[in-house]
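Me: Hello! I am new to this structure and would like to go through it with you, one question at a time.

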Amino acid sequence: MYAYIDGKLAFKSPSYVVIDAGGVGYHINISLNTYSLIGNAERCKLYTWLHVKEDGHSLYGFADEGERRLFLHLISISGIGPNTARMMLSSITPAEIQAAIISGNVALIQRIKGIGPKSAQRVILELQDKLRKEGPDTLTAAPLNKTVKDEALSALVMLGFARNAAEKVLEQEISKNNADLTVEQLIKYALKNL
């Protein structure tokens, strides 16, 4: 429902912040990773996710889009709710979690409070292929000036194609055509050849 909330930082603690945006104070649950990235900023922008339950609505905030994406992957796993995912993101950095999942490091994930051996194995089993397919740069912020190739590649990955295969097909088409190609033309070509 809310992509992000940008406003004055009214209150900050290691577990939540209150952001005043347009005269409304939003109580947003955060991880320790986000807490450290906010620093002493007077104004901040957090990417958010709204959790709706029978007994209430909770906002979760993230310093960057990559952390939110990893959070959403984590909560997609049976037995891991928003608070457990937030605990995971507070215990070790998102980059370390992603690397541990991709490499199958059960021991590192199991060290997180509230994650037992079965949960750690489930996290790796269910997310390893997804995170490999997305590539290592999914936790980094997207560049503002994307090239036509970058936009086409991003669209193909979102459609479920493997990043490496899509990149190879796009490079072949770009090398064949020296003329300017649109994002749509590149995607159509790639869809025919993937």
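Me: How far apart are the mean positions of the positive and negative charges of the chain?

Reply: Happy to help! This is a predicted model, in which local features need pLDDT of at least 70 and side-chain atom pairs count only at pLDDT 80 or more, while totals for chains, interfaces and linings use all residues. Residues are numbered from 1 along each chain as its sequence is written, and side-chain values use heavy atoms, leaving out hydrogens and water. Lys and Arg count as positive, Asp and Glu as negative, with His and the chain ends not counted, and each charge is placed at NZ of Lys, CZ of Arg, CG of Asp or CD of Glu. For the 22 positive and 20 negative charges, the mean positions lie apart by 5 Å.

Me: How many salt bridges does the structure hold?

Reply: Side chains of opposite charge can pair when their charged atoms come close. Here a salt bridge means a side-chain nitrogen of Lys or Arg within 4 Å of a carboxyl oxygen of Asp or Glu. By that rule, the number in the structure is five.

Me: Which residue forms a salt bridge with Arg68?

Reply: Look at helix α2 (residues 65-75), where the two partners are three residues apart and so separated by about one helical turn; helices are DSSP runs of H or I with at least four residues, numbered from the N terminus. Arg68 counts as buried at 11% relative accessibility, where buried means under 20% relative accessible area, exposed over 50% and partly exposed in between, with a 1.4 Å probe and protein chains only. The partner is partly exposed at 27%. With closest N and O atoms 2.5 Å apart, the residue paired with Arg68 is Glu65.

Me: Which residues do salt bridges that share partners join into one network?

Reply: Glu167 pairs with Lys149, their closest N and O atoms being 3.9 Å apart. Because Glu167 lies in helix α8 (residues 163-176) and Lys149 in helix α7 (residues 148-158), this pair ties together parts 18 residues apart in sequence. Lys149 also forms a salt bridge with Glu171, at 3.1 Å between the closest N and O atoms. Shared partners thus give one network, made of Lys149, Glu167 and Glu171.

Me: What share of the residues of the chain count as buried?

Reply: Two members of that network can be placed on the scale of exposure: Glu167 is partly exposed at 26% relative accessibility, and Glu171 is partly exposed at 42%. Across the 194 residues of the chain, the share that counts as buried is 38%.

Methods: Helix = DSSP H or I, 4+ residues; strand = E, 2+ residues; numbered from the N terminus.
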